[in-house]
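Hi everyone, and thanks for making the time. I'd like to walk you through a structure that may be new to you, so please have a look at it first.

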Amino acid sequence: MPDAPRFIGAADLHVHSVVSDGTETPAALMAEAAEVGLAAIALTDHDATTGWAEAAGAVDRTGVALIPGMELSTREGYVSVHVLGYLFDPLDEDLLAETARIRESRLTRAETIVRRISRDYDLDWDDVLAQTAEGATIGRPHIADALVARGHVADRSAAFAGILHPRMGYAQPHYAPDPLTGVRLIRAAGGVPVLAHPGTRGAERVISDARLAQLVDAGLFGLEVEHPENRPDAKRRLRDLAARFDLAITGASDYHGTGKVNRLGEQQTAAEVVDRIVAEGTGSAPVLPSPSVE
Ligand code: AMP
Ligand code: FE
Ligand code: FE
Ligand code: ZN
């Protein structure tokens, strides 16, 4: 019999490191979490779990618990949909194959975007590599950082509002499975799936009842309602959906270090919901500080 899940406390369940498009190392994130008084964080890099080991290694030193996670890229038509997964098996073959395919497509897509930009701006692939940790899941933020380093834009936000905006014609999407497949993959790997920031585009463009019903059937656990970029009107609709579909509500900062204005721990998930996630996740275990060093 596995031990009953231990009480962890409220936690920031959505945090990025240099393993994807955050600016801090996993160990530095754990130290920062301790500084702001967090009991636990979930490390949720885009389409990668390679930061788990380093973060786990910092648990005893910082006293911060780690909930291993990932933000899986999915796509519904032209709309990018992110699905957070917690406590899944990082060696699950289907999930590994899918994330490898996404990361590969992210790489060739980034090369294409840079090639297009380089026709109009002084920028080459080496500029992007200089902004990217080895093996990291590459995304537009790394191209944005390269544009900043070259002096073409002031910061990531300016890059996204300008050169990297789809209407400018440089950017293009990468491969991603549909959200239903994403939710199924995470559950099949023993994980707990939560729809990330589903209200960033306003109440009218929150997921439809019919589509959400399918995700719930596939095992969706919750909605990330308390996210800094969800719009207020959308949050109202999301709370209503959570009540009607009996979904948990999570909160998180989506901290990216200096890459975004979001502050670590600014939104958190209630202790009771964290406990339920820990109870449902069977593919991997949370990493808790050993009592002897506390
Ligand atoms: P991509 O992974 O290439 O689709 O790029 C999406 C990522 O860009 C998101 O995960 C965010 O981290 C980041 N992002 C999107 N919009 C902005 C923005 N306005 N400022 C900073 N980062 C952004
Ligand atoms: Fe990101
Ligand atoms: Fe996201
Ligand atoms: Zn994120």
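**A short tour**

Let's begin with one residue and its surroundings. Leaving aside residues up to four places away in sequence, Thr 250 touches Val 194, Leu 223, Glu 224, Val 225, Glu 226, Thr 269, Val 273 and Ile 277. Please keep in mind throughout that this is a predicted model. Thr 250 sits in strand 7, and its relative accessibility of 1% counts as buried.

Now let's step back to the whole chain. How is the chain divided by the domain assignment? Domain 1 takes in residues 11-98 + 175-293, and domain 2 takes in 107-168. The C-alpha centres of these two domains are 26 Å apart. Where domain 1 and domain 2 meet, 10 residues of domain 1 are in contact with six residues of domain 2. The area buried between them is about 570 Å², and carbon and sulfur atoms give 48% of that.

Next, the metals. Which protein atoms are the donors of the zinc ion, ligand 4? They come from His 14 (NE2), His 16 (NE2), Glu 71 (OE) and Asp 254 (OD), and they lie 2.0 to 2.3 Å from the zinc ion. Along the chain, these donors follow the spacing H-x1-H-x54-E-x182-D. Why is the arrangement around this zinc ion irregular? The four donor atoms subtend angles of 77 to 165°, and four donors count as tetrahedral only if all angles lie between 85 and 135 degrees. Square planar would need opposite donors over 155 degrees apart and all others between 65 and 115, and anything else is irregular.

The zinc ion also has a neighbour to point out: the iron ion (ligand 2) is 4.4 Å from the zinc ion (ligand 4). Staying with two of the zinc donors, Glu 71 belongs to strand 3 (residues 65-76), while Asp 254 is in the loop between strand 7 (248-251) and helix 11 (271-280), so this pair ties together parts that are 183 residues apart in sequence. Are these two donors buried or exposed? Glu 71, at 1% relative accessibility, counts as buried, and so does Asp 254, at 2%.

Glu 71 comes up again at another metal. The iron ion (ligand 3) is coordinated by Glu 71 (OE), His 82 (ND1) and His 197 (NE2), at 2.0 to 2.2 Å. The spacing of these donors along the chain is E-x10-H-x114-H. From this iron ion (ligand 3) to the iron ion (ligand 2), the separation is 5.4 Å. Glu 71 in strand 3 and His 82 in strand 4 are 11 residues apart, and both Glu 71 and His 82 are buried.

That brings us to the strands themselves. Strand 3 is mostly covered, with 10 of its 12 residues buried. On one side of the pairing list is strand 2 (residues 40-43), which runs parallel to strand 3 and is joined to it by four bridges. Here Ala 42 stands opposite Ile 67 in strand 3.

Strand 3 also pairs with strand 4 (residues 79-86), this time in the antiparallel sense, over eight bridges. In that pairing, Leu 72 stands opposite Val 83 in strand 4, and Arg 75 has Ser 80 as its bridge partner. What do strand 3 and strand 4 form? They form a hairpin with two residues between them, and Gly 77 in the turn has a positive phi of about 65°.

Strand 4 is mostly covered too: six of its eight residues are buried. Strand 4 runs antiparallel to strand 5 (residues 192-195), and four bridges join the two. One of the facing pairs is Tyr 86 with Val 192 in strand 5.

One last stop, on a helix. Arg 115 lies in helix 4 (residues 93-118). With a relative accessible area of 49%, Arg 115 is partly exposed, because exposed would mean over 50%. Its C-alpha atom is separated by 33 Å from that of Ala 28, and Arg 115 and Ala 28 are 87 residues apart along the chain.

If you take one residue away with you, let it be Glu 71: a donor to the zinc ion (ligand 4) and to the iron ion (ligand 3). Thanks for listening!

Notes:
Residues numbered from 1 in each chain as written. Chains lettered and ligands numbered in written order. Predicted model: local features only at pLDDT ≥ 70, side-chain atom pairs only at ≥ 80, totals over all residues. Heavy atoms only, no water. Donors = N, O, S within 2.8 Å, 3.2 Å for Na, K, Ca; no water. Tetrahedral: all angles 85-135°; square planar, octahedral: opposite > 155°, others 65-115°. Buried < 20%, exposed > 50% of the residue type's maximum accessible area, 1.4 Å probe, protein only. Pairing = 2+ DSSP bridges. Domains from an automatic or database assignment. Contact = heavy atoms within 4.5 Å. Buried area = accessible area lost by both parts, 1.4 Å probe.
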